[in-house]
Amino acid sequence: MTDLLSVEGLRKEFAIPQPGLFGTTVRFAAVDNVSFTIGRGEVLGLVGESGSGKTTVGRCIVGLARPEGGRMLFDGEDLATLSGVARHRVRRRIQIVFQDPFSSLNPRLRVGRTVAEPMVIHGLCVSRTERRERVRALLAEVGLPPDAEHRFPHEFSGGQRQRIGIARALAAEPDLIIADEPVSALDVSVQAQVLNLLAELQARHALSILFISHDLDVVRHLCDRVLVMYAGRLVEVGPSADLVRHPAHPYTRALLSAVPRRTTKAQGGRIVLSGEIPSPLAPPSGCIFRTRCPKAVAACAEAVPPLAEVAAGRLAACSNPAALFATD
Amino acid sequence: MGDTTVLAVENLSVEFRSRRRIVRAVSDVSFTLKAGRTFALVGESGSGKSVTSLAIMRLLAAPAGRITGGSVTLHAPDGPLALTALSERAMRAVRGRQIAMIFQEPMTSLNPLFTVGDQIAEVARHHLGTSRAEAFKGAVALLDRVGIPAAAHRAHAYPHELSGGMRQRAMIAMALACKPLVMIADEPTTALDVTVQAQMLELIRELQDETGMAVLFITHNLGVVAEIASEVAVMYGGQIVERGEAGAIFAAPRHPYTRGLLDSLPPEIDSNMPVRAPLKAIPGSVVDLAALPPGCRFAPRCAWRQPRCETGAIALDADPANRLVRCVRAQEVA
Ligand SMILES: Nc1ncnc2c1ncn2[C@@H]1O[C@H](COP(=O)(O)OP(=O)(O)OP(=O)(O)O)[C@@H](O)[C@H]1O
Ligand SMILES: Nc1ncnc2c1ncn2[C@@H]1O[C@H](COP(=O)(O)OP(=O)(O)OP(=O)(O)O)[C@@H](O)[C@H]1O
Ligand SMILES: [Mg+2]
Ligand SMILES: [Mg+2]
């Protein structure tokens, strides 16, 4: 069976203003040569530095951003070349839950309308009564009180609003959900409910999920595999349990060592990344992490290391063989 | 330094009134912020954490939102100020200058029409009377200090041109622009990756050592609380249900809600639990703040519930170790 989604060499550029030169801009690649696949029913985690391009990857997949390069195949169809009805049909099957539940909900629409919107757009549950019933079922499924459908987004707390966003995404009956920090605004007991809910829905509908998160405990818990991004590039890919236990790439190790802990301490202590975060406008030659990498050697400046197999089922992009899986 | 009270919240209560309902968002909340220390507020979504901080800042949406009881006192260098009694004009001078706030959602507090550099500079210009050029230079330095790469460029960017984490850092920079006495940070690190989060916590600690700034830190991340807070209050249904030293509470929670909270977390990263093993969520749903039960607000969801829990209000009692717990069976829960 083919993968549900296959992303090859994805590239997305942005222009940002030049200081001092009013009106002029410079371009940089927010996502640079990113390739990965999502299997049917697979939950794939996407973690990495803030600003490394995670949200941008998600926005390219759902069609909210237009990539400058690369190819995305969804169920065998090229997302860039689809148009008209075919495009609309595929779009229903990919839904997004946003990082920011405040600006993604229309403040003037009652919650019931917001949740019903995807059904209207995609012609699901055509009769009004059917739609209302489905809205009620969805609100109950994400744990909102029954009267929520008549209220406005501002009457809900941050966590409750995020559940509205999840209910709306589910309304389209998608095959793939891009979940951008969907539980980071939730308190932990509700987070547990939502994670259990996502796991249940995933199992019941063989849903695929691209789960973008900074919470590595949550990613380890929910995801089958994990992608690690740094400054627009993928630096490591692997099965989550194995990857968190035996990180191959020095950046992944630094990331894991920074996870705040309630009870235990990180093995080997915290790796503090020194050195400047490279300016995306003037990225260093070779490996983009080398300016902050405690394991950098001369070879790292020479060429961009490709994402290559470093152990069974494990990929990493690193030029220094001695740095891989290092434990110090 | 650690024992000087900078801000005292006493028996604070807040209501939202509409024609249809009265939402008792905050009930009888008390705590103090100490110089150079961090106090954390954690708890159920909708339990009143953000409303508590908005009430301190007197930023409740009028006329629906009202402080219905209690007081907030800022112990400024030139004497105590009863914030709950200040005129709106006097309060404006306190906001941003003496108490800075980082909001839960940065997009709602950054103005989309101005560059982040201009917005940060404006704070210093407004409160400290710094010149335009100086203020902008200061803004770039702050953006750099909170770890925004290419800060001199990014100062000219509009909020929508920054990633979520960068916007959050820009908010932190804006809050720090006036070296406030108190910083209220509502989920300040939620949008940040853990390495930047660790840097941010370190930065806050450094500034606290330098300036004695007191911090009220609202978060769902108990790992962060364990790292940064000396004291923590757990809120449920608008009330504090447990308050005390953070490490002690995590090691031995006394309130059934606190215990449920800790039990519902995904296992820590190096655990052996299989993927997607069901988490122990607290059963039931959030209490309706417009229809509060007469007794314990957590009782309907509580495994320790007894008939006496549901008849009258439960007091927040101190135990010998100075832990405050709002539960008649606190000793058994531990
Ligand atoms: N509309 C835009 N215009 C210009 N630059 C942008 C735009 N959107 C994103 N960027 C830039 O692209 C880069 C990647 O941003 P993105 O939001 O994808 O990061 P992220 O990994 O999701 O970060 P975070 O974890 O902080 O949410 C950042 O440098 C950001 O400033
Ligand atoms: N403007 C308003 N009108 C009516 N009710 C409100 C308003 N603002 C907040 N509330 C209610 O007050 C209660 C407390 O909300 P608050 O935002 O303080 O929760 P919170 O503890 O910060 O939650 P979260 O962790 O989700 O951010 C909630 O039940 C909310 O619905
Ligand atoms: Mg993002
Ligand atoms: Mg809040």
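Start by selecting ligand 2 in this predicted model and showing its surroundings: 17 residues make up the shell, and the closest are B:Ser45, B:Gly46, B:Lys49, B:Ser50 and B:Val51. Now colour by chain, and you will find that ligand 2 sits between chains A and B.

**The shell around ligand 2**

Colour the shell by residue class next. Ten of its residues are polar, four are nonpolar and three are charged. Then switch to cartoon and pick out two helices, H5 (158–171) of chain A and H1 (49–56) of chain B; each supplies at least two residues of the shell. Which helix gives the most to the shell? That is H1(B), with three residues.

**Polar atoms at ligand 2**

Zoom in on the oxygen atoms of ligand 2. Pick B:Ser45, where a polar side-chain atom lies 2.6 Å from a ligand oxygen. Move to B:Gly48, and look at the backbone this time: an N or O atom there is 3.0 Å from an oxygen of ligand 2. Cross over to chain A and select A:Glu155, which also brings a backbone N or O atom to 3.0 Å from an oxygen of the ligand. How much of ligand 2 does the protein cover? On its own the ligand has 640 Å² of accessible area, and the protein covers 85% of that.

**Chain A, domain by domain**

Zoom out and hide chain B. Give one colour to domain 1 of chain A (5–15 + 25–245) and another to domain 2 (247–328). Their C-alpha centres are 28 Å apart. For the contact, select 22 residues on the domain 1 side and 24 on the domain 2 side. Between them the two domains of chain A bury about 2,000 Å², with 61% of it on carbon and sulfur atoms. Show A:Tyr230, A:Arg233 and A:Glu236 as sticks: within domain 1 of chain A these lose the most area to domain 2, together 31% of what that side buries.

**Chain B, domain by domain**

Bring chain B back and colour domain 1 (1–98 + 180–266 + 280–334) and domain 2 (109–179). Here the C-alpha centres of the two domains lie 28 Å apart. The contact in chain B draws 20 residues from domain 1 and 13 from domain 2. About 1,400 Å² is buried between these domains of chain B, 67% of it on carbon and sulfur atoms. For a last stop, select B:Arg97, B:Pro180 and B:Leu203, the residues of domain 1 of chain B that lose the most area to domain 2; together they account for 31% of what that side buries.

How values were computed. Residues numbered from 1 in each chain as written. Chains lettered and ligands numbered in written order. Predicted model: local features only at pLDDT ≥ 70, side-chain atom pairs only at ≥ 80, totals over all residues. Heavy atoms only, no water. Near = heavy atom within 4 Å. Polar contact = N/O pair within 3.5 Å; in protein donor to acceptor, adjacent residues only side chain to side chain. Areas by Shrake-Rupley, 256 points an atom, 1.4 Å probe, with all protein chains shown as cover. Helix = DSSP H or I, 4+ residues; strand = E, 2+ residues; numbered from the N terminus. Nonpolar A, V, L, I, M, F, W, Y, C, P; charged D, E, K, R; others polar. Domains from an automatic or database assignment. Contact = heavy atoms within 4.5 Å. Buried area = accessible area lost by both parts, 1.4 Å probe.
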